[in-house]
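Dear colleague,

I am passing on a structure that you have not worked with before, and my notes follow below it. Please read them with the structure open beside you.

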Amino acid sequence: GYYTRLKAGKSKQWIDVYVNGNYGFVQDGRPVFPEWNDQLHVSDTIKPIPGVKINIGLDFGWSPAAIFGQRDPSNGQWRIYSEICGEGMNLQTFANTIKAHVADKYRGFKVGKITGDPYGDRRDPNDAKSRTTFQMLHAFKINAVSSPDKSNSITRRLEAVRQPMIRLVGNGQPGLVLHPECRILRKALAGGYRYERKKISGDEAYKDDPKKDHFSDPADALQYLIL
């Protein structure tokens, strides 16, 4: 009766992780992507498709993030291979890290679209030349552009990720698959990227926008990649 007693009063997420031994992330709050299924959406067998460009999604700030992936031209499946998550990393170091990462992991592949947060179109007050983030990235040989949705709608961004996540593309394969090397993004999608609970009495209520932390950075970069 040990496991029966262990499950008493616990959430399904807690039981999945600590009783069933499945990969997951137990966190206070409501996951942004309840559609995420770690057994379905994670695969260590995916490899870059020859002849298909590597696309990159970027998020900026104190902890910038870059997500690298391809869209399979045969079935539209998004394949996410690797991540860069840097805490306290300045823009030049971030740019150099991206270039080194591409040279190391994607040798022989061309880079396609590099898409980032529209906030990067604003001029940086800390830059002596008053350049925008994108202008500075261009100076560092990273040809990034702003997301096509200038409104930066969180609803549209989340839906862009949710749609391939809930779609099957053939042979039971999901429309979005992640390599386990993306450790932080994997935890984010498993529940680390979440809506915080409001501090009110009575029924459970959550904030309207996802919590901003080290899980939101790669999750946002994924949204810009897919959008």
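In which strand is the place of Tyr195? Before answering, I should say that this is a predicted model, and everything that follows should be read with that in mind. Tyr195 lies in strand S10, which covers residues 194-195. The residue is buried, since its relative accessible area is 10%, and buried here means under 20%. Tyr195 can also be placed relative to Lys212: the two are 17 residues apart in sequence, while their C-alpha atoms are 9.4 Å apart in space.

The next topic is the aromatic rings, for which the structure holds four aromatic pairs. One of them joins Tyr2 and Tyr3, whose ring centres are 5.0 Å apart and whose planes stand at 80°, so that this pair is edge-to-face. Another of them is formed by Phe68 and Tyr106, and this pair is stacked, with 5.9 Å from centre to centre and 25° between the planes. The pair of Phe68 and Tyr106 links distant parts of the chain, 38 residues apart: Phe68 belongs to strand S3 (residues 65-71), whereas Tyr106 sits in the loop between helix H4 (91-105) and strand S5 (111-116). Phe68 and Tyr106 are both buried.

I also looked at how two of the helices meet. Helix H6 (residues 154-166) and helix H8 (residues 216-226) have axes that come within 9 Å and cross at roughly 80°, and the two helices are therefore roughly perpendicular to each other. On the H6 side the contact involves Ile154, Arg157, Leu158, Ala160 and Val161, and these meet Asp220, Leu222, Gln223, Tyr224 and Ile226 of H8. Sorted by character, the residues of this contact comprise seven nonpolar, one polar and two charged.

Finally, there are the cysteines to consider, and here the question is how many disulfides the structure holds. The number is zero. For Cys85, the closest cysteine sulfur is the one in Cys182, and because the distance between them is 8.5 Å, they are too far apart for a bond; a disulfide would need the two sulfur atoms to be within 2.5 Å. Seen from the other side, Cys182 is likewise in no disulfide, with the sulfur of Cys85 as its nearest cysteine sulfur. As for their surroundings, Cys85 counts as partly exposed because its relative accessibility is 32%, whereas Cys182 is buried, with a relative accessible area of 0%.

With best regards

Technical notes
Residues are numbered from 1 along each chain as its sequence is written. This is a predicted model: local features need pLDDT of at least 70, side-chain atom pairs count only at pLDDT 80 or more; totals for chains, interfaces and linings use all residues. Side-chain values use heavy atoms; hydrogens and water are left out. Buried means under 20% relative accessible area, exposed over 50%, partly exposed in between (1.4 Å probe, protein chains only). Rings of Phe, Tyr and Trp (its six-membered ring) pair if their centres lie within 6.5 Å; planes under 30 degrees apart count as stacked, over 60 as edge-to-face and the rest as tilted. Helices (H or I, at least four residues) and strands (E, at least two) are DSSP runs, numbered from the N terminus. Axes are lines fitted to C-alpha atoms, for helices over the stretch in contact, and angles run from 0 to 180 degrees between N-to-C directions. Angles under 35 degrees count as roughly parallel, over 145 as roughly antiparallel, 65 to 115 as roughly perpendicular and the rest as oblique. Contact means heavy atoms within 4.5 Å. Ala, Val, Leu, Ile, Met, Phe, Trp, Tyr, Cys and Pro count as nonpolar, Asp, Glu, Lys and Arg as charged, and the others, Gly among them, as polar.
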